[in-house]
Amino acid sequence: MPLILLSGTPGTGKTRVGLILSRRLHARFTTVTWLVLENRAWRSYDPDTLSYVIDEDRFYRVLEDVSRADLVLDTHWVEPFAAVGGSVRYCAVLRTNPLELWRRLERRGWPAGKIAENVEAELLGVVSREAFNAFPDRVYEVDTTGKKPVEAAEELLDAMRRGARSTRPIDWLELLSDEEISELLTRITRARAKEVAER
Ligand SMILES: Nc1ncnc2c1ncn2[C@@H]1O[C@H](COP(=O)(O)OP(=O)(O)OP(=O)(O)O)[C@@H](O)[C@H]1O
Ligand SMILES: [Mg+2]
């Protein structure tokens, strides 16, 4: 049982769903962040973006190693895995209605600007598009809206058993009403303006 990528915008449930999935599959669970830290595959830390600058050579070596393991890997960055594409069995993408995602991220206590940035990415399907580009024939999207993490995990397991694939991304711009989209755009704009004012 090879590598399973579990992707999605922050807050869509990768960690919650991934832990359940890995238990059911008797596979190890880890996150890209943890892989980078565990293998010291970073060059420096950027205090402005609060993130590590990746040492690409080291990171690719780590990928070669993990691609041979039975692993559920939590990542919102799938593009580098195209290099070890052959060993990726599935690229699951968790999706969440942007209005529900807003509530989930708010419950985490995130600042409005950070919520807006991530909700906007989900609305536009940024992570999903990357997954379809990297693995056009191996993506399966799960809409987690109104589902418990265990239900989303079951849906994924069932899809994997059946070998089901998604043929196109969930498009929130098409699925949401005009009122919902304008409500989201208002909130995003307001959060951005507030962020700029506080700078
Ligand atoms: N299906 C769900 N229904 C309701 N709440 C959920 C669901 N899945 C996750 N959550 C909640 O949403 C939050 C985000 O979940 P989780 O941490 O698993 O997301 P994530 O995709 O791993 O995020 P990150 O990329 O920031 O690590 C958590 O507070 C979790 O309890
Ligand atoms: Mg997580």
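**Close-up views of a predicted model**

**View 1. Composition of the shell around ligand 1.** By class, 7 polar, 6 charged and 3 nonpolar residues make up the shell around ligand 1. The model shown here and in the following views is predicted. Among the 16 residues around ligand 1, those that come nearest are Pro10, Gly13, Lys14, Thr15 and Arg16. Two or more residues of the shell are given by each of the elements α1 (14–25) and α7 (149–162). The most is given by α1, with 3 residues.

**View 2. The open sheet and its edges.** The sheet is open and consists of 5 strands, arranged in the order β2-β5-β1-β6-β7 with parallel pairing. At the edges are β2 (28–31) and β7 (139–143), each of which pairs on one side only. From one strand to the next, the twist averages 20°. Strands of a sheet pair through backbone hydrogen bonds, in either a parallel or an antiparallel sense.

**View 3. Pairing of β1 with β6.** Residues 3–8 form strand β1 and residues 88–95 form strand β6; the two pair in the parallel sense over 6 bridges. Leu5 has Cys91 of β6 as its bridge partner. Ser7, in turn, is bridged to Val93 of β6.

**View 4. Pairing of β6 with β7, and the burial of β6.** Strands β6 and β7 run parallel and are joined by 5 bridges. Arg95 stands opposite Asp143, a residue of β7. Of the 8 residues of β6, 6 are buried, so this strand is largely enclosed by the rest of the structure. In the sheet order, β6 lies between β1 and β7.

**View 5. Helices α1 and α7 against the sheet.** Helix α1 lies across four strands, namely β1, β2, β5 (71–74) and β6, and runs at about 180° to β5. Helix α7 packs on the sheet and touches β6 and β7; the direction of α7 makes about 150° with that of β7. Strand β6 is thus among the strands that α1 lies across and is also touched by α7. Both helices contribute to the surroundings of the ligand, as α1 and α7 are the elements that give two or more residues to the shell around ligand 1.

Notes
Residues are numbered from 1 along each chain as its sequence is written. Chains are lettered from A and ligands numbered from 1 in the order in which they are written. This is a predicted model: local features need pLDDT of at least 70, side-chain atom pairs count only at pLDDT 80 or more; totals for chains, interfaces and linings use all residues. A residue is near a molecule or strand if its C-beta atom, placed from the backbone, lies within 6 Å of it. Ala, Val, Leu, Ile, Met, Phe, Trp, Tyr, Cys and Pro count as nonpolar, Asp, Glu, Lys and Arg as charged, and the others, Gly among them, as polar. Two strands pair if DSSP finds at least two bridges between them. Axes are lines fitted to C-alpha atoms, for helices over the stretch in contact, and angles run from 0 to 180 degrees between N-to-C directions. Two residues are in contact if their C-beta atoms, placed from the backbone, lie within 7 Å. A residue is buried if 20 or more other C-beta atoms lie within 10 Å of its own, exposed if 12 or fewer, and partly exposed in between; C-beta atoms are placed from the backbone.
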